[in-house]
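Q: Please take a close look at one part of this structure. I am interested in the enclosed spaces and what surrounds them.

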Amino acid sequence: MFRYIVRRLLQMILTFFGATFVVFALMFANQDDPIQALAGEKPVSDSLREALTERYHLDEGFLGQYWHYMTNLLTGDLGESISGREISALLETAWPVTVRLALMALVIAGVLALAAGVWSAIRRGGVFDNGALAFTLLLLALPIVVLAPVAQWIFAMELDWFPATASRNASFYALLLPAIVLATTVVATQLRVTRTSVVENLGADYVRTARAKGLAPRRIIWVHVLRNSLIPLITLIGVDLGVLMSGALVTEEVFNIPGVGSKLAQGIRTEDGPMVVGFVSVLVIVFLVMNLVVDLLYAALDPRIRYE
Amino acid sequence: MLGKRPWKMAAVAAAISLLVAGCGGGDSEDPTNTANTVVIGIAEPQHLLPTNATDSSSAQVLNSLFYPLVSFDAEKKPVEIAAEKISVTKNNRVWTIKLKPGFTFHNGEPVTADNYINAWNYGAYKPNAQGGGYFFDRIAGYTDLNPLDPDGDGPEKAPEPTTNKMSGLKKIDDLTFSVTLSAPFASFKSVIAYSVFYPLPNAAFSSDGVIAKGFEEKLIGNGPFKMKGSWEHDDKIVVEKYADFKGVVPKIDGVTWKIYGDQMAAYADLVSNNLDVQTTIPTDALANAPADLGERFQKSENSVFEFIGFPTFLPQYKNANVRKAISMAINREEIASQIFLGSRTAAKSFVSPVVAGFREGSCGEACDYSPTKARDLYRENGGPEEIKITYNVDGGHKSWVDATCNQIRASLQVKCIGEQEPKFAVMQEKLQNHQDIGLIRLGWIMDYPLMENYLNPLYGTNGGSNYYGWSNTAFDTLVKQGSAAPTPEASIKKWQAAEDILAEEMPVIPLRYGQNVFGYSERVANVEMDLFSKVDLYEIETVA
């Protein structure tokens with residue numbers, strides 16, 4: 001177990017460097033003129049351009065810029081964004097609210113998917129099952145760029161049930177609507193996966209045995225079937241983290257949440273290479289750690305799985 | 001449950017507690033509930049240090065924290081505010097600025113002449129890379145702080161500046177200083193109203209010419225409001241009344257500058273009364289705004305001027321009559337009302353109506369919509385068979401460019417296409433390399449209300465925004481003579497003569513003047529916006 005974790009951590013370091021290199025290269029290829037992007041359409045005076053070019057090594061080409069970035073990074077300095085703010089400070093303020101939003105969305109989606117998925121599986125072919133199928137198809141068809149503003153308009157502006165926007169220190173209640181919107185990006189697949197895997201396990205031999213032994217149906221479902229059905233769902237949740245992050249880009253913009261998604265979008269708009277790379281690096285780490293946790297959870301769910 | 005082993009239970013417990021910790025907490029403080037303060041929506045300011053702040057969001061915040069030397073009256077004439085008297089020598093070169101006594105910074109420091117001199121020197125010094133640094137270039141000694149690259153854009157780098165003090169700034173006594181210009185300029189008084197000319201307290205500097213770390217986050221100004229706490233990036237900036245302020249006192253007790261990443265989100269807050277003033281109603285909401293806001297949906301004039309430039313290095317647009325013909329083919333009123341729903345007005349001059357010296361219709365016949373005349377003129381002068389209008393796709397210009405092209409196609413009966421470039425910077429680069437990109441769409445917001453602020457940057461030979469490379473010696477001379485003229489009135493005469501050359505030559509097609517299109521909540525009244533798209537903080541008040 002310990003050796004497995006160490007091996008995975010070493011792999012992570014490699015993945016981390018690979019990912020930052022690719023992102024840096026992409027940002028560099030996309031870069032036309034960050035100084036002008038920052039100034040918008042205002043003219044930039046020659047002496048200002050010269051001073052900024054020197055400060056951010058913009059005249060040095062890709063390898064030069066990557067070298068400056070990496071040497072700083074290895075000494076623990078994430079550097080400055082092109083607008084002159086410390087990237088570490090940006091990360092520090094942007095992460096907490098996004099983590100809260102993503103966790104809320106994960107819990108909402110997970111609870112809903114589990115409850116509805118199990119219910120659909122038990123009563124398959126029934127009204128609820130068909131209803132859930134139609135509902136998940138609708139959710140899958142609706143992109144979040146449509147869903148988020150529509151939800152804001154109906155539930156916040158027209159019905160006034162929720163605040164229209166949420167700030168950095170938003171309360172649980174203010175984040176609820178954005179979290180529900182974000183949850184819709186993953187809940188449909190999670191529900192379908194839960195249903196399928198529960199249906200499959202319901203027909204398994206051990207369930208028949210348990211029934212024959214006279215175990216209570218509730219105990220069969222929630223302890224025996226569900227535990228075995230959770231593995232595909234847990235795997236999916238690990239992957240869903242990526243979906244949630246890309247959904248956060250839209251959700252955060254619509255609900256004005258100053259989190260990772262909105263800062264990333266802003267960084268891409270202003271061709272701010274160091275800022276985008278900084279944010280993506282942390283995203284990569286979160287993603288890797290989440291997947292490690294998911295892999296380790298398998299062992300908890302199924303004792304037959306062992307790590308060497 | 002999941003398992004019988006304790007570590008599994010612990011993992012679940014840890015996950016739950018993490019979630020609770022993550023979701024709990026958070027302030028429920030609602031800024032709208034505080035008495036007699038208002039919430040105004042802005043975008044995240046890029047910088048707040050006055051000499052580095054050139055975007056409109058930072059200008060608004062600075063307007064609450066600082067008190068300018070001069071302000072403008074109803075006729076756009078500069079009047080002293082923080083200055084007691086500004087006088088000038090006969091040749092318009094040496095300006096003496098005497099400050100009003102008794103003013104203090106928010107940390108209690110008295111405002112002195114040194115505070116201005118230090119702040120301006122800091123702004124002009126090239127290694128500080130201040131966005132508004134070029135505003136000091138009229139002051140004698142600016143070039144010492146910004147030495148030029150000896151071989152233009154060549155391989156050699158510009159030398160390091162030898163000094164960080166402009167020779168043109170001299171302290172006379174604690175409350176008086178003189179500004180010597182490198183060339184006479186009769187309207188310098190209008191220029192110093194701009195936010196880069198604010199003073200900085202001694203506390204701003206950690207040593208000579210070095211701004212203390214963190215000063216920008218907790219800015220100390222000389223204005224009616226002081227910062228409460230520090231700049232909460234991407235979230236808000238809260239300012240409250242400064243008790244010792246000696247100038248005109250606003251009616252409100254404070255402002256929460258609420259930062260929005262997206263204007264539609266701000267609009268949602270405005271409609272649900274969580275935001276008191278939104279200074280720009282987004283285009284997507286324009287159709288609904290009159291119904292959503294009723295009387296609280298307002299328009300007022302601002303300084304935006306939108307136009308199409310002719311890259312005069314392209315042979316097909318060398319003939320001024322061809323340029324005039326294209327201009328006459330465009331129905332400006334129709335586009336302003338149909339596409340912009342009245343949020344812009346048709347432009348028929350080369351400067352905005354908000355500056356003194358503006359003349360209605362100075363563009364003459366060339367800006368009137370007359371399709372048949374346009375076609376005849378175009379044919380006679382052999383205009384090109386195909387016209388291209390290039391625009392940056394990230395600016396939301398597609399609809400009006402397409403409409404303009406349709407009008408040109410109908411009037412001149414030639415092909416017209418709107419060509420997209422991803423970003424403004426790409427357009428600029430292609431222009432610099434003299435690539436054939438056809439006509440280009442451009443816009444301008446003034447820095448100070450003078451005709452010169454439109455004429456020089458937009459049409460002058462070395463103008464900062466003259467991307468299309470039009471150049472006319474007679475025009476340059478007239479603009480320069482205007483700046484050197486003995487009185488502002490004499491300046492305007494010269495500048496108007498320069499504008500007449502533009503009407504003859506048509507280097508650009510004037511299209512539209514912008515407007516402030518804003519809305520406010522039921523909590524506030526007397527909401528007015530000035531020419532610089534800033535909310536008038538001295539007029540606005542809360543109701544009930």
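How many cavities of 30 Å³ or more does a search of the whole structure find? Please describe their linings, then move on to the surrounding chains.

A: The model is predicted. A search of the whole structure gives 3 cavities of 30 Å³ or more.

Start with the largest cavity. Its volume is about 70 Å³. Lining it are 13 residues. Those closest to its centre are A:Ser47, B:Lys126, B:Gln130, B:Gly133 and B:Asn146. Two helices each supply at least two residues of this lining. One is α3 (46–55) of chain A. The other is α3 (113–124) of chain B. By residue class, the lining of the largest cavity holds 6 nonpolar, 6 polar and 1 charged.

Next comes the second largest cavity. Its volume is about 40 Å³. From chain A, A:Glu41 lines this space. From chain B come B:Phe307, B:Phe424, B:Leu442, B:Gly443, B:Leu458, B:Ser465 and B:Tyr467. The lining of the second largest cavity divides into 5 nonpolar residues, 2 polar and 1 charged.

Now the chains around these spaces. Chain A has 12 helices and 0 strands. Read along the sequence, its pattern is α-α-α-α-α-α-α-α-α-α-α-α. The C-alpha atoms of chain A fill a box of roughly 85 × 55 × 30 Å, taken along the principal axes. Chain A counts 308 residues, and 51% of them are buried. Consider its contacts with a separation of 6 or more: 76% of them join residues 24 or more positions apart.

The record adds an annotation for chain A. In an unreviewed entry, UniProt lists residues 12–29, 101–122, 134–155, 170–188, 229–250 and 276–301 under "transmembrane region". Two of these spans can be set against the model. Residues 101–122 of chain A are 100% helix and 0% strand. The end C-alpha atoms of that span lie 32 Å apart. Residues 134–155 of chain A are 91% helix and 0% strand. Here the end C-alpha atoms are 22 Å apart.

One residue of chain A gives a further detail. A:Val22 lies in helix α1 (residues 2–30) of chain A. The relative accessible area of A:Val22 is 46%, so this residue is partly exposed. A:Val22 and A:Gly267 are 245 residues apart along the chain. Their C-alpha atoms are separated by 16 Å.

Turn to chain B and its helix α8 (residues 320–328). This helix is mostly covered, with 8 of its 9 residues buried. The buried residues are B:Ala320, B:Val322, B:Arg323, B:Lys324, B:Ala325, B:Ile326, B:Ser327 and B:Met328. Arginine and lysine thus appear in the buried set, as B:Arg323 and B:Lys324. The N-terminal end of α8(B) is capped by B:Asn319. A side-chain oxygen of B:Asn319 lies 2.8 Å from the backbone nitrogen of B:Asn321.

B:Ser327 deserves its own paragraph. This serine lies in helix α8 of chain B. B:Ser327 counts as buried because its relative accessible area is 0%, and the cut-off is under 20%. Its side chain makes a polar contact with the side chain of B:Arg332 at 2.9 Å. The side chain of B:Ser327 also reaches the backbone oxygen of B:Ala366, at 2.6 Å. Setting aside residues up to four places away in sequence, B:Ser327 touches B:Arg332, B:Ala366, B:Cys367, B:Met506 and B:Ile509. Two of these names, B:Arg332 and B:Ala366, recur from the polar pairs.

Last, two loop residues of chain B. B:Leu341 sits in the loop between α9 (332–338) and β15 (345–346). Its phi is near 50°, a positive value in a residue other than glycine. With a relative accessible area of 45%, B:Leu341 is partly exposed. B:His434 is placed in the loop between α12 (424–432) and β18 (439–444) of chain B. The phi of B:His434 is near 55°, again positive in a residue other than glycine.

Back to the cavities, to close. Both chains contribute residues to the lining of the largest cavity, including A:Ser47 and B:Lys126. Both also contribute to the second largest cavity, with A:Glu41 and B:Phe307 among the lining residues.

Note on methods: Residues are numbered from 1 along each chain as its sequence is written. Chains are lettered from A and ligands numbered from 1 in the order in which they are written. This is a predicted model: local features need pLDDT of at least 70, side-chain atom pairs count only at pLDDT 80 or more; totals for chains, interfaces and linings use all residues. Side-chain values use heavy atoms; hydrogens and water are left out. On a 1 Å grid over the protein atoms alone, a cavity is a set of points where a 1.4 Å probe fits but cannot get out, and a pocket is an open set with protein on both sides within 12 Å along at least five of seven lines; lining residues have an atom within 4 Å of a point. Grid points are joined across faces, edges and corners, and a volume is the space filled by probe spheres set on the points. Helices (H or I, at least four residues) and strands (E, at least two) are DSSP runs, numbered from the N terminus. Ala, Val, Leu, Ile, Met, Phe, Trp, Tyr, Cys and Pro count as nonpolar, Asp, Glu, Lys and Arg as charged, and the others, Gly among them, as polar. UniProt positions are given in the numbering used here, feature names are shortened, and annotations may be inferred rather than shown by experiment. Buried means under 20% relative accessible area, exposed over 50%, partly exposed in between (1.4 Å probe, protein chains only). A polar contact is a pair of N or O atoms within 3.5 Å; within protein, one must be able to donate a hydrogen and the other to accept it, and residues adjacent in sequence count only if both atoms are side-chain atoms. Contact means heavy atoms within 4.5 Å.
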